[in-house]
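Dear colleague,

Please find the structure below. I would be grateful if you could look through it before reading the findings that follow.

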Amino acid sequence: KQWYQRRVRGLLLHVFLLLLSPARGCKECCPYLNPRGHTRYTSPGHSFFNGCVVCTCISRDLQLCPLAACPDMCTVRNKSGVTGFVKVGRRRYKVWGEEEECGRVCRCVKVRSERTRLLCSKKCIRR
């Protein structure tokens with residue numbers, strides 16, 4: 001009997017968490033990048049971290065983000081076309097340019113004391 005109760009409680013918690021997290025197919029949800037550069041979604045009215053500041057999702061095409069300087073960050077775009085910020089460091093990200101048909105593996109590096117840039121491989125990654 002205890003095993004059954006634990007199982008039911010676990011299933012109810014799982015269903016509750018699924019209801020809280022927006023589905024991938026949510027047409028009004030805002031896409032954003034997680035710290036690893038993968039696309040995640042949040043529902044309108046909820047907040048998300050774009051890598052630099054906390055933003056609020058209004059609709060898929062409208063996100064309110066306060067203006068802020070992000071000195072130790074680089075702006076990246078993933079293969080889904082979602083833009084966000086990544087930290088300077090060793091982590092490598094798959095980054096797509098606006099007009100390129102393929103991506104590149106890049107790392108955010110500090111160039112001067114106040115500037116950052118993406119250091120990318122020459123090898124192309126197909127979509």
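I begin with one residue of this predicted model. Y32 has a relative accessible area of 19%, and because buried means under 20%, Y32 counts as buried. This residue belongs to strand β1, which covers residues 30-33.

What is the relative accessibility of F48, and is this residue buried or exposed? The value for F48 is 6%, so this residue counts as buried. F48 is located in strand β3.

These residues also meet in an aromatic pair. The count of aromatic pairs comes to 1. A pair of aromatic rings is described by the distance of the centres and the angle of the planes. For Y32 and F48, the ring centres are 5.0 Å apart and the planes stand at 25 degrees. Planes under 30 degrees apart count as stacked, and the pair of Y32 and F48 is therefore stacked. Because Y32 lies in β1 and F48 in β3, the pair ties together parts that are 16 residues apart in sequence.

Strand β3 leads on to the sheet. Here 3 strands form an open sheet in the order β3-β4-β5, with antiparallel pairing. Its edge strands are β3 (47-49) and β5 (62-64), each of which pairs on one side only. From one strand to the next, the twist averages 40 degrees.

How many bridges join β4 to β5? Strand β4, formed by residues 54-59, is joined to β5 by 3 bridges, and the two run antiparallel. The bridge partner of T56 is L64, in β5.

Yours sincerely

Notes: Residues are numbered from 1 along each chain as its sequence is written. This is a predicted model: local features need pLDDT of at least 70, side-chain atom pairs count only at pLDDT 80 or more; totals for chains, interfaces and linings use all residues. Side-chain values use heavy atoms; hydrogens and water are left out. Two strands pair if DSSP finds at least two bridges between them. Helices (H or I, at least four residues) and strands (E, at least two) are DSSP runs, numbered from the N terminus. Axes are lines fitted to C-alpha atoms, for helices over the stretch in contact, and angles run from 0 to 180 degrees between N-to-C directions. Rings of Phe, Tyr and Trp (its six-membered ring) pair if their centres lie within 6.5 Å; planes under 30 degrees apart count as stacked, over 60 as edge-to-face and the rest as tilted. Buried means under 20% relative accessible area, exposed over 50%, partly exposed in between (1.4 Å probe, protein chains only).
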